[in-house]
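Some questions and answers follow on how individual labels for this model are reached. Each answer sets a value against its cut-off.

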Amino acid sequence: MTIKEQLRDARQKFKLLSFYQQFERVVILILTAFIAIIVIAALWSLSLKILFGLVLSGSLDPSDYAVFQAVFGMIFTVIIALEFKKSLLVVAERHDSVVQIRSVVMIALLAICRKIIILDLTETDAWHILAFATAIIALGIVYWLIRDSDQPLGDRARDQPINSPFHVNR
């Protein structure tokens, strides 16, 4: 299928949507474009900081924890933006009008992991660490509870093991 045919098909599908659904699609496309610009800018900034700030200046020391924190914090920022962009594209593709909660929980987990990576443990008290641990456990439980929520019921049943003594694996 050529690009012209795909665009024509997309226009025909767009015309079939209600006014509010069309509004949602336009908003999603605009947000996706903004996030793509942010990802490109963050990747460019990350590349420049790694190349000029670390490699060419000779200060790239993998054993230096501050450098490790800074680089991986920037990498996680790009990953979080990409995951957010992906969740918007999933909404646009599925014809659902609601962002999937699983994507939101995944983005929250990534953000907390980023915060923990860049966290300076010498300046952080135990209550903050306990709060992060509690948030990770709570989000992990929510993710586990909703992990199959977007699969059709038939797919979920097929993926579940059969715990019957009379079942024979073939």
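Q: Where is R147 found, in a helix or in a loop?
A: In this predicted model, R147 is found in the loop that runs between α5 (126-146) and α6 (153-159).

Q: Why is R147 called partly exposed?
A: The relative accessibility of R147 is 34%, and the label partly exposed covers values between the 20% limit for buried and the 50% limit for exposed, so R147 counts as partly exposed. As for its surroundings, the C-alpha atom of R147 is separated by 9.7 Å from that of I101, although the two residues are 46 residues apart along the chain.

Q: What is the secondary structure of the protein, counted in helices and strands?
A: There are 6 helices and 0 strands, and from the N terminus on the elements run α-α-α-α-α-α. Of the 170 residues in the protein, buried residues make up 20%.

Q: What makes the contact between K13 and D9 a salt bridge?
A: The side chains of K13 and D9 meet at 3.6 Å, N to O, and the cut-off for a salt bridge is a nitrogen of Lys or Arg within 4 Å of a carboxyl oxygen of Asp or Glu, so the pair qualifies as a salt bridge. Side chains of opposite charge can pair when their charged atoms come close.

Q: How do K13 and D9 lie in helix α1, and how many residues apart?
A: K13 and D9 both belong to helix α1 (residues 3-16), where they are 4 residues apart, about one turn of the helix. An α-helix has 3.6 residues a turn, so residues three or four places apart point the same way. K13 has a relative accessible area of 46% and is therefore partly exposed, and D9, with 29%, is partly exposed as well.

Q: Which other side chains meet in a salt bridge, with K86 as one partner?
A: The structure holds 2 salt bridges, and one of them joins the side chains of K86 and E83 at 3.7 Å, N to O, a value that is within the 4 Å cut-off. K86 and E83 are separated by about one helical turn, because they are 3 residues apart in helix α3 (residues 65-94).

Q: Why is E83 called buried, and why is K86 called partly exposed?
A: Buried means under 20% relative accessible area, and E83 has 18%, so E83 counts as buried. K86, at 47%, falls between the two limits and therefore counts as partly exposed.

Q: How do you know that R11 counts as exposed?
A: The limit for exposed is over 50%, and R11 has a relative accessibility of 52%, so R11 counts as exposed. R11 is found in helix α1, and with K4, R8 and K15 it gathers in a patch of positive charge on the surface.

Q: What makes the nonpolar surface patch, and which helix gives the most to it?
A: The patch of about 820 Å² is made by F14, Y20, F23, V26, V27, I30, L31, F34 and I37, and helix α2 (residues 19-55) gives the most to it, with 8 residues. One of the patch residues, L31, is found in helix α2; a patch residue needs over 30% relative accessible area, and L31, at 36%, counts as partly exposed.

Q: How does the reach of helix α4 compare with the span expected at 1.5 Å a residue?
A: Helix α4 (residues 101-118) has 18 residues and reaches 26 Å from its first C-alpha to its last, which is close to the expected 26 Å. Within α4, the residues S103, V105, I107, L109, L110 and I112 are buried.

Q: Why are L89 and I129 called partly exposed?
A: L89 has a relative accessibility of 35% and therefore counts as partly exposed, and I129, with 39%, is likewise partly exposed. L89 has its place in helix α3, with its C-alpha atom separated by 8.3 Å from that of L29, 60 residues apart along the chain. I129 is found in helix α5, and from I129 to L119 the distance is 9.5 Å, C-alpha to C-alpha, at 10 residues apart in sequence.

Notes: Residues numbered from 1 in each chain as written. Predicted model: local features only at pLDDT ≥ 70, side-chain atom pairs only at ≥ 80, totals over all residues. Heavy atoms only, no water. Patch = residues over 30% accessible without salt bridge, like charges linked within 9 Å, V, L, I, M, F, W, Y side chains within 5 Å. Areas by Shrake-Rupley, 256 points an atom, 1.4 Å probe, with all protein chains shown as cover. Helix = DSSP H or I, 4+ residues; strand = E, 2+ residues; numbered from the N terminus. Buried < 20%, exposed > 50% of the residue type's maximum accessible area, 1.4 Å probe, protein only. Lys, Arg positive; Asp, Glu negative; His and termini not counted. Charge placed at Lys NZ, Arg CZ, Asp CG, Glu CD. Expected span 1.5 Å × (residues − 1).
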